[in-house]
Amino acid sequence: MAVIPQFGVDPEIYYPASRPAGRGFIVGYVGRLVEEKGVDLLLEALAGLQGTWRAYILGSGPAREALQIQARDLGLAHRITFDAWIPSDQMPAYYRQLDVLVVPSRTRPNWKEQFGRVLVEAMASGVPVVGSDSGEIPHVIGDAGLIFPEDSVDVLRAHMARLLGNPDLRTDLARRGREHVLAHFTQAQVAARTYQVYRSVLSA
């Protein structure tokens, strides 16, 4: 049985860019604001993160108000921006402002993370990624990012602290992430693998 990624990116649209110096460390989340996506865990982890940082959370969903209240109660309201959905052609620029993208999904009896489209978009854009071990996240990231156990606030915080304090690690993961996408998750790669599967079926 052949397994082909369901989604590819255009590396000419999602590409790395230099980030302005002196603006601090930017943490990002992009996705639905629902309980299983684990954004509450990200907020808890940020609450203990030392240093100069800000967080941008892009998305909508039924948990939005609760998350905004949580951010306020944790004393983070001035450091976290909740952004509404933006057009898809604005997403590459949104990714490129980030220093790390976090995907803190948690598995539920009726759901687990299936792919993580935002992971490949961010990696293609030269953004280091941190993801939980829910579903396909570790397989999508491979060795090109950092993984933490589901619901582990302490490990997630430690990963973000490492990235915040180590620009060389950020540079290395950005390079590895981009190379990982170019090798496996571009539209051309997905098309080529699909073509190979059809050829093998026809030859059989």
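This briefing describes the sheet, two of the helices and the two largest pockets of the structure above. The model is predicted. Its six-stranded sheet is open, and the strands pair in parallel. Helix 1 packs against several strands and helices through its buried residues, while helix 4 gives the most residues to the lining of the largest pocket.

**The sheet**

- Read across the open sheet, the six strands follow the order 3-2-1-4-5-6.
- Strand 3 and strand 6 (146–148) form the edges, since each of these strands pairs on one side only.
- On average, neighbouring strands in this sheet are turned by 20° against each other, direction ignored.
- Strand 1 pairs with strand 4 in the parallel sense, and two bridges join this pair.
- Val 27 has Val 100 of strand 4 standing opposite.

**Helix 1**

- Helix 1 covers residues 39–47, and its buried residues are Val 39, Leu 41, Leu 42, Leu 43, Ala 45 and Leu 46.
- An α-helix has 3.6 residues a turn, so residues three or four places apart point the same way.
- Among the strands, the buried residues of helix 1 pack against strand 1 (25–30), strand 2 (53–58), strand 3 (80–83) and strand 4 (100–103).
- Among the helices, these buried residues pack against helix 2 (64–73) and helix 6 (153–165).

**Helix 4**

- Helix 4, made up of residues 117–124, lies across strand 1, strand 4 and strand 5 (129–132).
- The direction of helix 4 is at about 170° to that of strand 4.

**The largest pocket**

- The largest pocket holds about 300 Å³ of space.
- Its lining consists of 18 residues, and those nearest the centre are Val 30, Gly 31, Trp 85, Arg 117 and Val 118.
- At least two lining residues come from each of strand 1, helix 3 (91–96) and helix 4.
- Helix 4 makes the greatest contribution to this lining, with three residues.
- By character, the lining of the largest pocket comprises 10 nonpolar, three polar and five charged residues.

**The second largest pocket**

- The volume of the second largest pocket is about 230 Å³.
- Val 3, Ile 4, Pro 5 and Gln 6 are among the residues that line the second largest pocket.
- The lining of this pocket also includes Gln 114, Phe 115, Glu 136, His 139 and Val 140, together with His 184, Phe 185 and Arg 193.
- The lining of the second largest pocket divides into six nonpolar, four polar and two charged residues.

Technical notes. Residues numbered from 1 in each chain as written. Predicted model: local features only at pLDDT ≥ 70, side-chain atom pairs only at ≥ 80, totals over all residues. Heavy atoms only, no water. Buried < 20%, exposed > 50% of the residue type's maximum accessible area, 1.4 Å probe, protein only. Helix = DSSP H or I, 4+ residues; strand = E, 2+ residues; numbered from the N terminus. Contact = heavy atoms within 4.5 Å. Pairing = 2+ DSSP bridges. Axes fitted to C-alpha atoms, helices over the stretch in contact; angles between N-to-C directions. 1 Å grid on protein atoms, 1.4 Å probe; cavity = no way out; pocket = protein on both sides within 12 Å on 5 of 7 lines; lining within 4 Å. Points joined across faces, edges and corners; volume = space filled by probe spheres on them. Nonpolar A, V, L, I, M, F, W, Y, C, P; charged D, E, K, R; others polar.
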